[in-house]
Amino acid sequence: MSENNVEDISEDVEEGEIDDLQLELHKEEKETKPPIPLNKLLLIFLVILVVSSGIAVALGAITNTLAAEHPSTFGEWVIIYLMMFGGIAIIGGGASGFWGGQRKIPIRLVSPSDASVVGKGMLVCGYVIEDCIDNEIEFTIYDLKQNILYEEILQIQEDGLFYTEIMENFAPKKKTTSIVIEAWIVSSKTKERKFVVKDIKLEEMNFDSEGIKIGSFHFFPRVYKDFADKAKAIFDPRRKEKGVIENVPLSRGGTTNIFNPGKDASKDKFVPFSFERVAKMRLNALYFDIKRSRRIIISLFFFLMGIGFFIYPIIAIFI
């Protein structure tokens, strides 16, 4: 995806023209390890709780021995260290509840370089990391004046990828044209609460609950959220090469090959393409999103661990 395209999308978000979604767009997907199973994660927190409690007892014994005048007993020192660890755990839980990184966009068009030239037989590919209604992508190609040049409904494959190869029936057949490719979905996972929606408008939306109906208005309806991603390209009907994607330097200079980011892409006339690589990118993005969505559970684990540290101090107070 080009830098200009990222700027265009950012401006649209600020103006409220598209969904208010924080985008984390990378020219390449970073390698992400699979998320740890929740049962193992819980076991790790239990181990930390037991080991930290042991450390608190050891520190209490050391402090009690080193304290010359013994202002506190051994038990009191242990309580102090347990409460300190408990406070750290609760603070950590609060931090993890807010942290999670920017959310990956649930749908992404894959552009092998910052800008590409496409022609007859062009291949467009992307992936989703959320289940979507009807398992369909609304695929549209616009010119720079937002005129629709091509429309198609794409099915999402089992591995989360979608693609189309456009051979014929594409509008700009005679001259080179700058185009904007858009892929749009309605997520079956992400929902949002609207304040008030007209009855006629709600019928056009994918809603989960109608909310409270008063006259022709629905208050607090819950609807499925839609997401879209865009990429820019140049359509050249005179292009003779088949099965390759041509690299186009941007006016600011330089391009990036997402399939080989360490290589100087500006020297490559063509860039490679691999469905396997796209599937790997999609898996990395999915892992990242799963880890981020677990931040509330991790926050809960921190909170329970903090409560565990406070059990002995609370018991000691009432004894």
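**From a bent helix to the sheets and cores**

Helix 6 spans residues 295-318 and has 24 residues. From its first C-alpha to its last it reaches 35 Å, close to the 34 Å expected at 1.5 Å a residue. This is a predicted model. The helix is not straight throughout: helix 6 bends by about 35° at Phe310. A proline, Pro313, follows within four residues of that point. Pro313 is also one of the buried residues of helix 6. The others in that set are Ser299, Phe301, Met305, Gly306 and Phe309.

Helix 5 is the next element to find. It covers residues 275-293 and lies across strand 1, strand 3 and strand 6. Its direction makes an angle of about 25° with strand 3.

Those three strands form an open sheet. Their order is 1-3-6, and the pairing is antiparallel. Strand 1 (107-109) and strand 6 (161-166) stand at the edges. Each has a single partner strand, so one side of each is left without a neighbour in the sheet. From one strand to the next, the twist averages 20°. Look now at the pairing of strand 3 with strand 6. Strand 3 holds residues 122-128, and six bridges join it to strand 6 in the antiparallel sense. Within this sheet, Tyr127 stands opposite Leu161 of strand 6.

Past strand 3 comes a loop that leads to strand 4. Asp134 is found in this loop, and Asn135 lies there too. Asp134 has a positive phi near 65°, in a residue other than glycine. Asn135 is not a glycine either, and its phi is positive at about 55°. How do the two stand in exposure? Asp134 counts as exposed because its relative accessibility is 61%, and the cut-off for exposed is over 50%. Asn135, at 34%, counts as partly exposed.

Strand 4 itself is mostly covered. Six of its eight residues are buried. It pairs with two strands considered here. Seven bridges join strand 4 to strand 5, and the two run antiparallel. Ile137 has Leu154 of strand 5 as its bridge partner. Strand 4 also pairs with strand 7, again in the antiparallel sense, over six bridges. There, Phe139 stands opposite Ala183 of strand 7.

The hairpin of strand 4 and strand 5 deserves a closer look. Four residues lie between its strands, and Gln146 takes a positive phi near 70°. Gln146 sits in the loop between strand 4 and strand 5. With a relative accessible area of 47%, Gln146 is partly exposed. Gln146 and Ile179 are 33 residues apart along the chain, yet their C-alpha atoms are separated by 9.1 Å.

Ile179 leads into the interior. Which residues touch the most other members of the largest nonpolar core? They are Ile137, Ile141, Phe170 and Ile179, out of 25 residues in that core. Several strands feed this core. Strand 1, strand 3, strand 4 (136-143), strand 5 (148-155), strand 6, strand 7 (177-193) and strand 12 (222-235) each supply at least two of its residues. The surroundings of Ile179 can be listed in detail. Leaving aside neighbours within four places in sequence, Ile179 is in contact with Val118, Ile141, Tyr142, Leu149 and Phe170. Its contacts also include Ala231, Lys232, Ala233 and Phe235. Two of these names, Ile141 and Phe170, were met above among the residues that touch the most other core members.

A second, separate core has 13 residues. Among them are Phe45, Ala56, Leu82 and Met305. Met305 takes the reader back to the opening element, as one of the buried residues of helix 6.

One more sheet remains. Three strands form an open sheet in the order 8-11-10, with antiparallel pairing. Strand 8 (196-198) and strand 10 (212-214) stand at the edges. Each has a single partner strand, so one side of each is left without a neighbour in the sheet. Here the twist averages 25° from one strand to the next. Strand 10 pairs with strand 11 (residues 217-219) over three bridges, in the antiparallel sense. In this pairing, Ile212 stands opposite Phe219 of strand 11.

Conventions: Residues numbered from 1 in each chain as written. Predicted model: local features only at pLDDT ≥ 70, side-chain atom pairs only at ≥ 80, totals over all residues. Heavy atoms only, no water. Pairing = 2+ DSSP bridges. Axes fitted to C-alpha atoms, helices over the stretch in contact; angles between N-to-C directions. Contact = heavy atoms within 4.5 Å. Expected span 1.5 Å × (residues − 1). Bend = angle between axes of the 7 residues up to and from the residue. Buried < 20%, exposed > 50% of the residue type's maximum accessible area, 1.4 Å probe, protein only. Core = buried A, V, L, I, M, F, W, Y, C linked by side-chain atoms within 4.5 Å.
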